[in-house]
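Got the model open in your viewer? Let's take a walk through it, one corner at a time.

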Amino acid sequence: NDRYLIDGKSRQVSLSPRELSSDRLPSRIWINEHLTYTHGYGLCLGPDNQISKEGLPEFFVKDIPPVATTAIQVKRPQIYYGEKTDSYCFVKTLEKEFDYPSGDENVYTEYSGSGGIPVQGFWRKLLFSFRFKEPKIILSTAITPESRLMFERSIPGRVAKAVPFLAFDEDPYMVVSDDGRLFWMMDGYTSGRNFPYSRRTARLGNYIRNSVKVTIDAYNGTMQFFISDPKDPVIQAYAKIYPGVFQGLDAMPADQRRHIRYPEDLFTIQAN
């Protein structure tokens, strides 16, 4: 659930991205899983308190490709990084990338972003083949020097590997920026187990502060970390240890900042 400015009014809406689940492909051959079906596509967005005369959900954004009935536009609907996206893929290969079905035909796309690692040549293909224990990578003629490898595409795993010293909320959520791009947002926590006179909570110890907000570009996988609690001495210490990793919250674009929520896990801990 989220709030969006629609027709000049702030409306409570539900948003559901369409991610790709590769384990449900009808044909799970290597080319399909890692070269052809590389990404999810678009989302549905509708009001929480409104239904049609037939009792069906109303939508502000629906269909494939996304069609909007309001000012919300989805101009970059491809989702290469998400909650359910956990396998590697190669883009910009000689194989066509499936985008979406259109009648009796399929529409294909070619990745044009900055995500992933350039293949460049034989030696990197060899290293990638060892990394994923897959000889098809080195043998594939569809993977060219211009191709790019995307891995660590699961949002929770990607963020945790980038800053393993923070804990993260278990519920990432997607937002649509004003320019029609899709971003994931996550809440990060500084936590500890040795704060005096405090009872411990499973997984997060007995000290917790929602000190960080994270945004992840669903197309490029780019992560940005913003300090949301500048009074927390722990995050200030990390910011000095790792200069350049964290930015002030005022550096977050306004169209993302308006979708900041109170974190679910923290609310649950406080309620308990």
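What follows is a tour of a few local features, from a buried acid to the salt bridges and some backbone oddities.

Keep in mind that this is a predicted model. A good place to begin is Glu19, in the loop that runs between strand S2 (9–17) and helix H1 (30–36). Here's the curious bit: Glu19 is buried, yet has no salt bridge. The nearest side chain of opposite charge belongs to Lys84, and that one is 6.2 Å away. With a salt bridge requiring a nitrogen-to-oxygen distance within 4 Å, Lys84 at 6.2 Å doesn't qualify.

So what does the Glu19 side chain have around its polar atoms? Look at the backbone: the nitrogen of Glu83 lies 3.0 Å from a polar atom of that side chain, and the backbone nitrogen of Lys84 lies 2.9 Å from one. Lys84 therefore turns up in two roles, as the nearest opposite charge and as a backbone nitrogen within the 3.5 Å limit for a polar contact. Leaving out residues up to four places away in sequence, Glu19 touches Gly40, Ile79, Gly82, Glu83, Lys84, Thr85 and Trp184.

Now for charges that do pair up. How many salt bridges are there? The count comes to ten. One of them joins Lys161 to Glu152, with the closest N and O atoms 2.9 Å apart. Lys161 is exposed, at a relative accessible area of 59%, while Glu152 is partly exposed at 27%. Glu152 has something else to show: its phi is positive, about 50°, although it is not a glycine. You'll find Glu152 in the loop between strand S12 (148–150) and helix H4 (155–162).

Another pair is Arg209 and Asp232, whose closest N and O atoms are 4.0 Å apart. This pair links distant parts of the chain: Arg209 sits in strand S16 (residues 207–217), Asp232 in the loop between strand S17 (223–227) and H5, and 23 residues separate them. Is each partner buried or partly exposed? Arg209 counts as partly exposed because its relative accessibility is 25%, whereas Asp232, at 0%, counts as buried. Elsewhere, salt bridges that share partners join Asp179, Arg181 and Asp217 into one network. Within that network, the side chains of Arg181 and Asp179 meet at 4.0 Å, N to O. Both ends are partly exposed, with Arg181 at 32% and Asp179 at 39%.

Back to the backbone for a moment. Most residues other than glycine have a negative phi, and most peptide bonds are trans. Gln120 goes the other way, with phi near 70°, in the loop between strand S11 (117–118) and helix H2 (122–131). The peptide bond from Ile64 to Pro65 is cis, with omega near -5°. Pro65 lies in the loop between strand S5 (61–62) and strand S6 (67–68).

Last stop: helix H5 and its surroundings. Ala239 lies in this helix and touches Ile227 and Phe246, again not counting residues up to four places away in sequence. Its C-alpha atom is 26 Å from that of Ala202, 37 residues apart along the chain. On the surface, Ile241, Tyr242 and Val245 form a nonpolar patch with about 260 Å² of accessible area together. Val245 itself belongs to the loop between helix H5 (233–241) and strand S18 (246–248).

Terms used:
Residues numbered from 1 in each chain as written. Predicted model: local features only at pLDDT ≥ 70, side-chain atom pairs only at ≥ 80, totals over all residues. Heavy atoms only, no water. Helix = DSSP H or I, 4+ residues; strand = E, 2+ residues; numbered from the N terminus. Buried < 20%, exposed > 50% of the residue type's maximum accessible area, 1.4 Å probe, protein only. Lys, Arg positive; Asp, Glu negative; His and termini not counted. Polar contact = N/O pair within 3.5 Å; in protein donor to acceptor, adjacent residues only side chain to side chain. Contact = heavy atoms within 4.5 Å. Patch = residues over 30% accessible without salt bridge, like charges linked within 9 Å, V, L, I, M, F, W, Y side chains within 5 Å. Areas by Shrake-Rupley, 256 points an atom, 1.4 Å probe, with all protein chains shown as cover.
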